[in-house]
Amino acid sequence: MSDNFPEQRGESLPELVELMQRLLAPDGCPWDREQTFETLRTFVIEEAHEVVDAIDRGSPDAIREELGDLLLQIVFQSELARQKGWFGPDDVVRGIVKKMVDRHPHVFGDYRLETSEQVLSEWEQRKAREREKKGKGEKGALDGVPRAMPGLLRAVRVGEKASRFGFDWTNVADVRAKVDEEIRELDEAAATGDQARIEEELGDVLFALASWARHRAIDPESAIRGSLERFSSRFSAVEKSARDEGRALSTMTPEELDARWVEAKKLLASRPK
């Protein structure tokens, strides 16, 4: 922690809990009082993605703000649960504190783990034991990966879990060969015109690429976001150049569009990162 930054112990959290209780009171906000876990589901996903976007932009102020929005969703739903008599915000905090202490015996106990790999392995084993103790044991090793995850991220998590049981490629070259194999199968499917088969083979290509990224310690979600940002920046530059000339992109020939695209790439590449 910076010497110039004051120590913080989360003592302001009750302010947010009290605010949410006021909003949900009988004379509180009509919109907030109408919300349910189901109606707030989209907001949780959206706020989580906005946190990731702020991290990608590298803006401390944006990260702080978006984390606050995400925290609001957690307190909001905790208060909805308290109204139903299920649990409350204190139960949520105490639950995660206990879970983290239990899963870090090498920090809070006498257990010794020396490497990140050992920590991850122990983490998974303790999660499995917790589920068994609750009578909620997983049907399989992959069942703990949320199905609502973005596809590429879920592909990485599934690959990681399978890898811990030895179900994985031994080196990155083999994964790269698998990518080529899947692309060939995609080409073969495309030649048949069978849309269902094409979609299936495309999924296999994307899964293989996600596996290759995992072996190279690359986050494929971050990679595709970076690619989309570069495309969007270049496209915006092409649009601007067209507007400056009083023209519309729809009136340009493919050759003109390609030339402007090349110019936009050069322009943006010359700017500081």
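A salt bridge is a side-chain nitrogen of Lys or Arg within 4 Å of a carboxyl oxygen of Asp or Glu. Keep that rule at hand for the exercises below.

The structure is a predicted model, in which local features need pLDDT of at least 70 and side-chain atom pairs count only at pLDDT 80 or more, while totals for chains, interfaces and linings use all residues. Residues are numbered from 1 along each chain as its sequence is written, and side-chain values use heavy atoms, with hydrogens and water left out.

**Exercise 1. Find the salt-bridge partner of K240 and describe where the pair sits.**

Step 1: K240 forms a salt bridge with D244, and their closest N and O atoms are 3.1 Å apart.

Step 2: Both residues belong to helix α11 (residues 220-244), four residues apart, about one turn of the helix. Helices here are DSSP runs (H or I, at least four residues), numbered from the N terminus.

Step 3: Now check accessibility. Buried means under 20% relative accessible area, exposed over 50%, and partly exposed in between (1.4 Å probe, protein chains only). K240, at 45%, is partly exposed, whereas D244, at 55%, is exposed.

**Exercise 2. Work out which salt bridges K178 and D180 form in helix α9.**

Step 1: D180 pairs with R176, with closest N and O atoms 2.7 Å apart. These two are four residues apart in α9 (residues 172-192), so about one helical turn separates them.

Step 2: K178 pairs with E181 at 3.2 Å between the closest N and O atoms. They are three residues apart in α9, about one turn of the helix.

Step 3: Look for a wider pattern: K178, E181 and E182 are linked in a network of salt bridges.

**Exercise 3. Decide what is unusual to check about E201: does a charged residue lie buried or exposed, and what surrounds E201?**

Step 1: E201 lies in helix α10 (residues 195-215).

Step 2: E201 is buried yet has no salt bridge; R197, the nearest side chain of opposite charge, is 4.5 Å away. Lys and Arg count as positive and Asp and Glu as negative; His and the chain ends are not counted.

Step 3: Leaving out residues up to four places away in sequence, E201 touches E182, E185, L186 and A189, where contact means heavy atoms within 4.5 Å.

**Exercise 4. Which residues of helix α1 are buried, and what do they pack against?**

Step 1: In α1 (residues 13-23), L16, V17 and M20 are buried.

Step 2: The buried residues pack against α2 (30-34), α4 (60-84) and α5 (89-102).
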